[in-house]
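Trainee: I'm new to this one. Could we go through it together, one question at a time?

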Amino acid sequence: MTAIQEKVAGLREQLMAWRRHLHMHPEVGFQEHETSAYIEAELKQMPGLTVTRPTATSVLAVLKGGQPGRTVLLRADIDALPIHEENTFEFASTRPGVMHACGHDGHTAILLGVAKLLTEHPQDVPGEVRMIFQHAEEIGPGGAEELVMNTDLMSGVDVVTGLHLNSQLPAGVVAVKPGAFMAAPDMIELTIRGKGGHGAHPEETVDPIAVGAQVVTNLQHVVSRHVAAQDALVVSITRFASGTTHNVIPNTAELMGTVRTFDPALRERAPQLIERVIKGVCEAHGATYDLRYEFGYRPLINTDWVAAQLKDIALDVVGAEQFREARPTMGGEDFSAYLEKAPGAYFNVGSGSDEADSRWPHHHPRFTIDEASLEAGVRMLHAAALRLTGPDAQL
């Protein structure tokens, strides 16, 4: 076991304590007041850090190293989701309807661990390490966008990195890839307006439910018949609300959905393709519609050379057996906002295991992590902080 492995292993109980406290006290985006106060208090116990609050519910810790070097930004998101937890372990959420169902409690514990390690030997740290505990990743327009646009967080940053725990990878595995990694998550809100009436006489109505069902079905043709197979596009209708009782055809139907893309040109084209289908179906059946199409986070495109260096770091830190070439995912991430201002890369650390019953998908009410993954995350980000700020970093 290397010296850094021993140090991280010595943090095991503290990492679990941080993560479990956060898991018990989740807060959704832009409301992380107790969470950010807890993080700030923990950071202020670590000597050598300058701790500030760039927004009401985010926390920034800065360590100026003892050697010349560059400036690296490490990011952890801190918000939870509006989901009622179904886990029954002793540190389950104490707040009904809110839980850490995406691993942000683990991300925060990992970055706290990195901060603690860095402050133990600041003379060995080149350059400057900024550690942002970011609010509101789960809620658009996103905490990253607010920090990038309204604060000087990114001023002077040479490179940025961060991680996401992944329950679909074995605990401790590190997965990195260059280029397109996560999609742009855009949103559709659609109201179909028909003409209500008696359920026994549909010929006297314009049934918005029947029209809406046709819209849902035909929108899949946008993917299968209007976009090249090699161009990734997802169109998912995730909400369909209409009607009040069994014998009344309603006036309206409300639909909501998400559109996911990597390619900027396809992203710009998607609204026209989607509205053309909606308009055609509605006109064919005598209905009208109101469509709101909202662009969300940008696609997350890793900088090639940063991803390559993270791969090298992973091979050193966890070894070839625990490394994977990551696959692109249609999930979205506001980490993309940082990449508009500096080169960087985002990577995954596996958190799934049968022993911890932690293979549930993200955003599921049974989601949890294998806490062994916390140590791998600390070792990766700690090594990244030292190597990406150092004189050998390729910039």
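Trainee: Let's start with Phe-30: is it buried, partly exposed or exposed?

Mentor: Keep in mind that this is a predicted model. Phe-30 sits in the loop between helix H2 (12-24) and helix H3 (33-43). Its relative accessible area is 36%. Buried means under 20% and exposed means over 50%, so Phe-30 comes out as partly exposed.

Trainee: What is the phi of Phe-30?

Mentor: Phe-30 is not a glycine, yet its phi is positive. The value is about 70°.

Trainee: And His-363, where is that found?

Mentor: His-363 also has a positive phi, about 70°, without being a glycine. With 39% relative accessibility, this residue counts as partly exposed. As for its place, look in the loop between strand S16 (344-352) and helix H10 (373-389).

Trainee: Which two residues does a cis peptide bond join?

Mentor: Go to the loop between S4 and helix H5 (143-150), where Pro-141 is found. The omega of the cis bond is about 5°. The two residues joined by it are Gly-140 and Pro-141.

Trainee: Now the sheets. In what order do the eight strands of the open sheet come?

Mentor: The pairing in this sheet is mixed. S1 and S15 stand at the edges with a single partner strand each, so one side of each has no neighbour in the sheet. Neighbouring strands are turned by 25° against each other on average, direction ignored. The order is S1-S2-S4-S3-S5-S16-S6-S15.

Trainee: How many residues lie between S1 and S2 in their hairpin?

Mentor: Strand S1 (residues 50-52) runs antiparallel to S2, and three bridges join them. One of the pairs is Thr-52 with Leu-60 in S2. Between the two strands of the hairpin there are six residues.

Trainee: Why is strand S2 described as largely enclosed?

Mentor: S2 has another partner in strand S4 (residues 126-134), with antiparallel pairing over six bridges. There, Lys-64 has Glu-128 of S4 as its bridge partner. S2 covers residues 59-64, and it is largely enclosed by the rest of the structure because its buried residues number five of the six.

Trainee: Which helix packs on this sheet and touches S2, S3, S4 and S5?

Mentor: Start from strand S3 (residues 67-77), which pairs with S5 in the parallel sense over four bridges. Leu-74 and Thr-161 of S5 are bridge partners there. The helix in contact with those four strands has a direction that makes about 160° with that of S3, and it is H4 (residues 104-120).

Trainee: There's a four-strand sheet too. Which strands stand at its edges?

Mentor: The order in that open sheet is S10-S12-S8-S13, with antiparallel pairing. Two of its strands have a single partner strand each, so one side of each is left without a neighbour: these are S10 (233-242) and S13 (288-294).

Trainee: How many bridges join S8 to S13?

Mentor: Strand S8 (residues 184-193) and S13 run antiparallel. In one of their pairs, Arg-193 is matched with Thr-288 of S13. The number of bridges is seven.

Trainee: What angle does the direction of helix H7 make with that of S13?

Mentor: Helix H6 (residues 208-225) packs on this sheet, touching S8, S10 and strand S12 (252-261). Helix H7 (residues 264-285) packs on the sheet as well, where it touches S8, S10, S12 and S13. Its angle with S13 is about 165°.

Trainee: Which strand gives the most to the lining of the largest pocket?

Mentor: This pocket holds about 1,300 Å³ of space. Of the 47 residues lining it, those closest to its centre include Glu-138, Arg-260 and His-363. S8, S12 and helix H9 (336-339) are among the elements that each supply at least two lining residues. The top contributor, with five residues, is S5.

Trainee: Last one: how many disulfides does the count come to?

Mentor: Two of the cysteines are Cys-102, buried at 8% relative accessibility, and Cys-282, buried at 1%. To count, a pair of cysteine sulfur atoms must lie within 2.5 Å. By that rule, the number of disulfides is zero.

Note on methods
Residues numbered from 1 in each chain as written. Predicted model: local features only at pLDDT ≥ 70, side-chain atom pairs only at ≥ 80, totals over all residues. Heavy atoms only, no water. Buried < 20%, exposed > 50% of the residue type's maximum accessible area, 1.4 Å probe, protein only. Pairing = 2+ DSSP bridges. Contact = heavy atoms within 4.5 Å. Axes fitted to C-alpha atoms, helices over the stretch in contact; angles between N-to-C directions. 1 Å grid on protein atoms, 1.4 Å probe; cavity = no way out; pocket = protein on both sides within 12 Å on 5 of 7 lines; lining within 4 Å. Points joined across faces, edges and corners; volume = space filled by probe spheres on them.
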